[in-house]
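Hi,

Here's the structure I promised to pass on. Have a look at it first, and then read on for what turned up.

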Amino acid sequence: LAAYRTDEGQPWVLPVVKKVEQMIANNNTLNHEYLPILGLPEFRANASRIALGDDSPAIKENRIGSVQSLGGTGALRIGAEFLRRWYNGNNNTATPVYISAPSWENHNSVFVDAGFKDIRTYHYWDAAKRGLDLQGLLDDMEKAPEFSIFILHACAHNPTGTDPTPDQWKQIAAVMKRRFLFPFFDSAYQGFASGSLDKDAWAVRYFVSEGFELFCAQSFSKNFGLYNERVGNLTVVGKDADNVQRVLSQMEKIVRTTWSNPPSQGARIVATTLASPQLFAEWKDNVKTMADRVLLMRSELRSRLESLGTPGTWNHITEQIGMFSFTGLNPKQVEYMIKEKHIYLMASGRINMCGLTTKNLDYVAKSIHEAVTKIQ
Amino acid sequence: SSWWSHVEMGPPDPILGVTEAFKRDTNSKKMNLGVGAYRDDNGKPYVLNCVRKAEAMIASKKMDKEYLPIGGLADFTRASAELALGENNEAFKSGRYVTVQGISGTGSLRIGANFLQRFFKASRDVYLPKPSWGNHTPIFRDAGMQLQAYRYYDPKTCSLDFSGAMDDISKIPEKSIILLHACAHNPTGVDPRQEQWKELAATVKKRNLLVYFDMAYQGFASGDINRDAWAVRYFIEQGINVLLSQSYAKNMGLYGERAGAFTVICSDAEEAKRVESQLKILIRPMYSNPPLNGARIASIILNTPDLRKEWLVEVKGMADRIISMRTQLVSNLKKEGSSHNWQHITDQIGMFCFTGLKPEQVERLIKEFSIYMTKDGRISVAGVTSGNVGYLAHAIHQVTK
């Protein structure tokens with residue numbers, strides 16, 4: 001599983017998290033009582049505000065809802081279960097669900113286990129040009145049956161690290177609006193991708209401003225480093241408060257038979273942090289530290305490859321964003337990296353940028369150079 | 001227009017409704033007997049001392065926040081199995097079991113329900129006692145199973161309808177699934193005696209039923225963790241390979257931390273490994289991996305001898321207070337001059353008590369006395385204190401005389 005590492009190759013508990021945990025530990029008025037089914041109210045409101053923005057029209061118009069969930073996975077699952085029961089008719093398991101090719105491998109299982117029978121892929125990664133296959137993506141959306149559900153990565157696409165540009169998002173939104181396609185955003189890296197919360201939420205907010213009803217599954221695993229506390233949030237944006245209220249009441253029933261009510265510790269940490277201007281600022285700083293280190297590793301790796309004269313182009317390393325990068329290495333080259341150089345990549349050529357450190361950059365760059373020049 | 005115009009408003013949660021009404025009530029004497037959480041003799045939530053100590057240990061260790069494995073914290077799952085089965089249990093010692101961490105009792109039940117839906121092809125039918133915890137039915141239904149029932153509670157005597165239960169169970173089609181409450185039956189508080197458990201085990205074995213135990217109150221029922229797990233252990237000793245769901249919400253007061261476990265007793269360790277791999281495949285698309293905090297607190301308590309001892313004393317303390325409130329309620333009812341037989345209040349065990357009060361009487365308790373409970377006459381004894389037991393007895397007497 002992918003997690004951030006420091007330049008020493010160690011896990012990193014965010015300083016603001018340590019501080020808030022100590023505050024919680026010292027607060028004798030706190031207890032371990034059940035949270036409400038939909039979660040800690042202060043967490044829910046703040047988490048959705050982070051995704052949609054302080055000045056979100058949807059928030060102002062009181063047409064948003066939130067479900068505290070067990071990580072991003074839990075948020076996806078609650079959303080998927082709800083859609084299967086209530087979207088496009090009642091219990092319409094035949095509604096096509098489109099997942100990018102490639103995507104996080106668990107996306108498929110979430111929607112299958114939620115009961116959907118028709119899971120398809122949409123074109124996304126163009127291996128030849130090592131970038132987004134926008135035309136393929138738009139074609140798939142044009143051809144998709146009306147009301148199909150599309151899983152969109154809000155930023156830092158996993159595993160390719162390749163995101164649409166704002167202009168490309170606009171094109172995507174236009175087609176989706178015209179074809180009545182449902183946007184289900186997966187936002188696991190807000191802040192962690194570019195270092196800016198607002199920049200990383202641009203796509204979600206754009207869709208909201210275009211009047212879409214949508215879901216956004218948020219994870220606080222990476223941007224808060226709270227992996228094992230399972231802190232997530234499903235943000236629901238609807239046409240009006242009444243619709244959202246009814247949606248939440250049904251999501252409550254789904255939550256009740258899945259985990260009854262969510263875990264308290266992680267939500268408290270996030271809520272406390274987001275609600276305090278000072279802690280919020282500290283958090284943004286911590287997030288930027290992580291994002292900056294990854295961005296630095298990208299630029300350092302690219303420049304080394306270019307200095308070595310490694311065949312091929314390497315600008316994709318810095319154009320891609322987030323934790324992962326699709327290097328473009330083929331399976332044989334990947335095998336070489338693993339067997340001969342003991343550098344572990346996925347067969348897809350995906351590398352976890354967090355594994356790079358100032359100490360191993362040279363070695364990794366040289367190894368890639370060898371793999372590409374020796375193996376075709 | 002909206003995608004959601006046709007989405008109906010979900011029905012209000014009946015128990016939540018009780019608490020909502022209670023909150024709105026301005027009567028200073030009001031009592032909330034709907035709450036399914038322990039309260040101390042001042043009516044306050046109780047954080048166990050052993051929990052506070054475990055938390056202090058955790059805070060001082062400055063551990064990282066890396067993902068747990070899908071199956072959860074190993075020290076926790078092993079200790080959970082040992083707590084339920086007993087350290088001398090053959091199934092535990094031989095390793096012919098798998099225990100995965102679950103999201104408290106609900107999450108553990110749901111993992112088991114999904115596992116049965118996917119792998120138990122012999123039957124879709126899950127038999128619940130009449131009545132059972134309200135959430136059992138939707139959990140199994142959402143997992144794709146069908147619900148049936150066997151007689152259990154006798155409203156005439158406010159106790160176990162043992163002959164009715166045996167009659168129904170002996171007719172359950174072979175290879176059906178039967179759910180049993182290990183102790184402190186929710187909502188009635190009515191548990192079989194050990195001789196009755198023995199007969200149930202024999203019948204269940206004869207009918208070749210798959211047994212699923214829900215144990216949410218180990219230690220909390222009688223005050224003795226071994227006594228409360230007796231039925232589970234007896235069934236396993238009789239060669240019945242049970243499924244088991246555990247919760248640490250009540251017995252460790254870890255409600256909101258969601259600490260629980262799901263266990264499958266298998267033929268051998270190799271089968272257990274195969275079952276484990278399939279459980280992980282079920283869990284991953286639900287929430288990937290479980291939350292650490294509650295499991296770590298529970299694990300430290302169970303695995304640290306001093307803290308474990310302290311925990312056993314504290315859980316007995318909670319159970320004893322509940323038992324004492326039952327006793328005081330009955331003696332106060334006598335003092336009020338009630339001529340009814342209230343023995344079931346002290347015969348029943350655990351957090352809940354089926355008083356036998358009728359809906360009209362419950363309504364009067366709410367309206368005239370600001371005493372809140374669910375319409376079925378169930379009270380949470382945890383909400384009774386030495387300060388309000390007299391008032392409760394008085395009120396019950398008024399509506400039943």
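Let's begin with the sheet in chain A: seven strands make an open sheet, in the order β1-β9-β8-β7-β6-β2-β3, and the pairing is mixed. At the edges you'll find β1 (64–70) and β3 (119–123) of chain A, each of which pairs on one side only. Going from one strand to the next, the twist averages 25 degrees. Bear in mind as you look around that this is a predicted model.

In general, strands of a sheet pair through backbone hydrogen bonds, and they can do so parallel or antiparallel. For a parallel case, go to strand β2 (residues 97–101) and strand β6 (residues 149–153) of chain A, which are joined by two bridges. If you want a spot to zoom in on, Y98(A) stands opposite F150(A) in β6(A).

Now for the charged side chains. Side chains of opposite charge can pair when their charged atoms come close. How many salt bridges does a search of the whole structure find? Over all chains, the count is 41. Here are three of them to look up.

The first one to try is E81(A) with R85(A), where the closest N and O atoms are 2.8 Å apart. Both residues sit in helix α4 (residues 71–86) of chain A, four residues apart, or about one turn of the helix. Are they buried or exposed? E81(A) is buried, and R85(A) is buried too. This pair also belongs to a network of salt bridges that links R77(A), E81(A), R84(A), R85(A) and D142(B), so keep chain B switched on when you view the network.

Next, try K339(A) and E335(A), a salt bridge with its closest N and O atoms 3.0 Å apart. These two are also four residues apart, about one turn, in helix α14 (residues 331–341) of chain A. K339(A) counts as exposed because its relative accessibility is 55%, over the 50% cut-off. E335(A), at 42%, counts as partly exposed.

Last, look at D362(A) and R304(A), whose side chains meet in a salt bridge at 2.6 Å, N to O. D362(A) lies in helix α15 (residues 361–374) and R304(A) in helix α12 (residues 277–308), both of chain A, so this pair ties together parts that are 58 residues apart in sequence. D362(A) is partly exposed, with a relative accessible area of 41%, and R304(A) is partly exposed as well, at 21%.

Happy browsing!

Definitions and conventions
Residues are numbered from 1 along each chain as its sequence is written. Chains are lettered from A and ligands numbered from 1 in the order in which they are written. This is a predicted model: local features need pLDDT of at least 70, side-chain atom pairs count only at pLDDT 80 or more; totals for chains, interfaces and linings use all residues. Side-chain values use heavy atoms; hydrogens and water are left out. A salt bridge is a side-chain nitrogen of Lys or Arg within 4 Å of a carboxyl oxygen of Asp or Glu. Buried means under 20% relative accessible area, exposed over 50%, partly exposed in between (1.4 Å probe, protein chains only). Two strands pair if DSSP finds at least two bridges between them. Axes are lines fitted to C-alpha atoms, for helices over the stretch in contact, and angles run from 0 to 180 degrees between N-to-C directions.
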